[in-house]
Amino acid sequence: MRGKTMNMNVILFAILICESVSISKSATPSFKDNAADFIEASFKKTTRRGVEKEDFTKIQIEARPLLMVQDVSSIDKTQDFQLEIRSGDGDWKLVTSTPSIRGGVYKWTESNIEP
């Protein structure tokens, strides 16, 4: 059940990312069939003294939005991507932190998450 819920949230993350940038362009991005393959959400993992632990209060999201859409020109790369998350049945919350970007991979880490 946990894997299914996480997968559904990943798809919702992808939708929110692309919807937020479509406002600035005339063309609306359309997702590829495998768009969910280019986004991953997981609890932050840390390794100390060779022991890996998951921090259930921090979520880490990695996305490759340019690989998720059919037409890359429908996304304005000069605009910031916006991301919204939610815990359980709670309200959607805008992630205000700036993602780190490396090689087209956008990475957010959000703290104070209720699992």
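A contact here means heavy atoms within 4.5 Å. Keep that cut-off handy for the tour.

**Before you click**

You're looking at a predicted model: local features need pLDDT of at least 70, side-chain atom pairs count only at pLDDT 80 or more, and totals for chains, interfaces and linings use all residues. Residues are numbered from 1 along each chain as its sequence is written, and side-chain values use heavy atoms, with hydrogens and water left out.

**Whole chain**

Start with a cartoon view. There are two helices and six strands, and along the sequence they come as α-β-β-α-β-β-β-β. These are DSSP runs numbered from the N terminus: helices are H or I with at least four residues, strands are E with at least two.

Now switch on the surface. Its accessible area is about 7700 Å², with 47% belonging to carbon and sulfur atoms; the areas come from the Shrake-Rupley method with a 1.4 Å probe, and for residues only the protein chains shown count as cover. Of the 115 residues, 30% count as buried. Buried means under 20% relative accessible area, exposed means over 50%, and partly exposed is in between (1.4 Å probe, protein chains only).

If you plot a contact map, take the contacts between residues at least 6 apart in sequence: 62% of them join residues at least 24 apart.

**The sheet**

Select S1, S2, S6 and S5. In that order, these four strands make an open sheet with antiparallel pairing; two strands pair if DSSP finds at least two bridges between them. S1 (39–48) and S5 (100–102) are the edge strands, each pairing on one side only. Look down the sheet for the twist: neighbouring strands are turned by 35° against each other on average, direction ignored. For that angle, axes are lines fitted to C-alpha atoms (for helices, over the stretch in contact), and angles run from 0 to 180 degrees between N-to-C directions.

**S1, S2 and their turn**

Zoom in on S1 and S2, which run antiparallel and are joined by 10 bridges. Lys45 stands opposite Glu54 in S2. The two strands form a hairpin with two residues between them.

Click Arg49, in the loop between S1 and S2. Its phi is near 55°, a positive value in a residue other than glycine. Most residues other than glycine have a negative phi. Arg49 is exposed, at 87% relative accessible area.

At the other end of S1's numbering, pick Ile39, which lies in S1. Ile39 counts as buried, at 6% relative accessibility. Draw a C-alpha to C-alpha distance from Ile39 to Leu67: 9.7 Å in space for 28 residues in sequence.

**Aromatic pairs**

Show the Phe, Tyr and Trp rings. They pair if their centres lie within 6.5 Å, using the six-membered ring of Trp; planes under 30 degrees apart count as stacked, over 60 as edge-to-face and the rest as tilted. How many aromatic pairs does that rule give? The count comes to two.

Phe43 and Phe56 are edge-to-face, 5.0 Å centre to centre with 70° between the planes. Phe43 lies in S1 and Phe56 in S2, so the pair ties together parts that are 13 residues apart in sequence. Phe43 is buried at 12% relative accessible area, while Phe56 is partly exposed at 39%.

Tyr106 and Trp108 have ring centres 6.3 Å apart and planes at 25°, so this pair is stacked. Both of these residues are buried.

**S2 against S6**

Next, S2 (residues 51–63) and S6: they run antiparallel, joined by five bridges. Ala63 stands opposite Tyr106 in S6.

Select Gln60 in S2. Buried or exposed? Gln60 is buried, at 12% relative accessible area. Leaving out residues up to four places away in sequence, Gln60 touches Glu40, Ala41, Ser42, Lys44, Lys107, Trp108 and Thr109.

**Last stop: Glu110**

Glu110 sits in S6 (residues 105–110) and counts as buried at 10% relative accessibility. Which residue's side chain makes a polar contact with that of Glu110? Lys93 does, at 3.3 Å. A polar contact is a pair of N or O atoms within 3.5 Å; within protein, one must be able to donate a hydrogen and the other to accept it, and residues adjacent in sequence count only if both atoms are side-chain atoms.

Expand the selection around Glu110, again skipping residues up to four places away in sequence, to find its contacts: Thr57, Lys58, Ile59, Ile85, Lys93, Val95 and Ser97.
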